[in-house]
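Reader: Please give me a close look at one part of this structure, the helices and what surrounds them. I am in my first year, so explain each term once.

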Amino acid sequence: MPTGSTRIRLRPANTSRVPFWGQLAIGLFWVVYVLGMAWGDTTAHDYHFLHWVFLAFSLVYIGYVLVNNAPIFGTQSYLEFTPGYMVHKNGLFRPKQVFPVENIATLELLASVMRVRMKDNEVYALDLKEVKGKRRKLVFREQVRRFAARYHINLLEPNPLRG
């Protein structure tokens, strides 16, 4: 039995200057370096406990990189069409954006962005570059069309043939 909720998984936006594998390599380098220093000549350093503090921070950094970029705790970035609402979640550490249907004036579906214009003239731009895959993009566009038709929301789609 369908729940009436449709969720499109989004990939995290690649906005960092260092890619995922580079961040992971930096964190692992820190761990190896600190372990090498900690088990090295312990009499040469008066501040030997700082190695363990830095090791803890390195492991926290690796955990952050993994949680922020890999789907460890399920889908972290998504756009969901629920009865009466459109919900946008842009990552694990970011709050949800909830758009009630009665406040949405227009949806503008472009090639790389979907603009949500509210009745109070606020505009929210949702980056569609995070929707990966040709099939997923087609499914997403169809869900936006159904959502707009179901709630009688004005849908502007300048290039409807492009998927």
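Author: What follows goes through three helices in turn, with the residues that pair with them or touch them.

This is a predicted model, in which local features need pLDDT of at least 70 and side-chain atom pairs count only at pLDDT 80 or more, while totals for chains, interfaces and linings use all residues. Residues are numbered from 1 along each chain as its sequence is written, and side-chain values use heavy atoms, with hydrogens and water left out.

Start with helix H3, residues 134–150. Helices (H or I, at least four residues) and strands (E, at least two) are DSSP runs, numbered from the N terminus. H3 has 17 residues, which at 1.5 Å a residue should span 24 Å, and the C-alpha atoms at its ends are 24 Å apart, in agreement. The expected span is 1.5 Å times one less than the number of residues in the helix.

The next thing to look at is cover. A residue is buried under 20% relative accessible area, exposed over 50%, and partly exposed in between (1.4 Å probe, protein chains only). The areas themselves come from the Shrake-Rupley method with a 1.4 Å probe, and for residues only the protein chains shown count as cover. In H3, the buried residues are Phe 140, Arg 141, Gln 143, Val 144, Phe 147 and Ala 148. Seen down the axis of H3, these buried residues fall within an arc of 160°, so they line one face of the helix. The arc is taken from the directions that run from the helix axis to the C-beta atoms. The other side of H3 carries the exposed residues Lys 134, Arg 135, Arg 146, Ala 149 and Arg 150. Just after the helix, His 152 has a positive phi of about 55°.

H3 also takes part in charged pairs. Side chains of opposite charge can pair when their charged atoms come close. The term salt bridge is used for a side-chain nitrogen of Lys or Arg within 4 Å of a carboxyl oxygen of Asp or Glu. Four salt bridges are found in a search of the whole structure. In one of them, Arg 141 pairs with Glu 157, with 3.9 Å between the closest N and O atoms. This pair links distant parts of the chain, 16 residues apart, since Arg 141 is in H3 and Glu 157 is in the segment after strand E8 (154–156). Arg 141 and Glu 157 are both buried; Glu 157 counts as buried because its relative accessibility is 18%. Arg 145 forms a salt bridge with Glu 157 as well, at 2.6 Å from N to O. That pair also joins distant parts of the chain, from H3 to the segment after E8, 12 residues apart. Arg 145 has a relative accessibility of 26%, so it counts as partly exposed. Together, Arg 141, Glu 142, Arg 145 and Glu 157 are linked in a network of salt bridges.

Before H3 comes a loop from strand E7 (123–127), and Val 131 is found in it. Val 131 is buried because its relative accessible area is 2%. Leaving out residues up to four places away in sequence, Val 131 touches Ile 8, Leu 10, Arg 136, Lys 137 and Phe 140; contact means heavy atoms within 4.5 Å. Val 131 and Tyr 78 are 53 residues apart in sequence, yet their C-alpha atoms are 9.1 Å apart in space.

Now take helix H1, residues 20–38. H1 has 19 residues and reaches 27 Å from its first C-alpha to its last, close to the 27 Å expected. Its buried residues are Gln 23, Leu 24, Gly 27, Val 31, Val 34 and Ala 38. Viewed down the axis of H1, they fall within an arc of 100°, so they line one face of the helix. The buried residues of H1 pack against H2, while the face turned away from the buried side carries the exposed residues Trp 21, Phe 29 and Val 32.

Helix H2 covers residues 49–69 and includes Phe 54. Ser 58 is also in H2, and it counts as buried because its relative accessibility is 1%. Ser 58 touches Trp 30 and Val 31, not counting residues up to four places away in sequence.

Last comes a nonpolar patch on the surface, formed by Val 18, Ile 26, Phe 29, Trp 30, Tyr 33 and Phe 54, with about 550 Å² of accessible area together. Patches are made of residues with over 30% relative accessible area and no salt bridge; like charges are joined within 9 Å, and nonpolar side chains (Val, Leu, Ile, Met, Phe, Trp, Tyr) within 5 Å. H1 gives the largest share of this patch, four residues. Phe 54 has a relative accessible area of 36%, so it is partly exposed.
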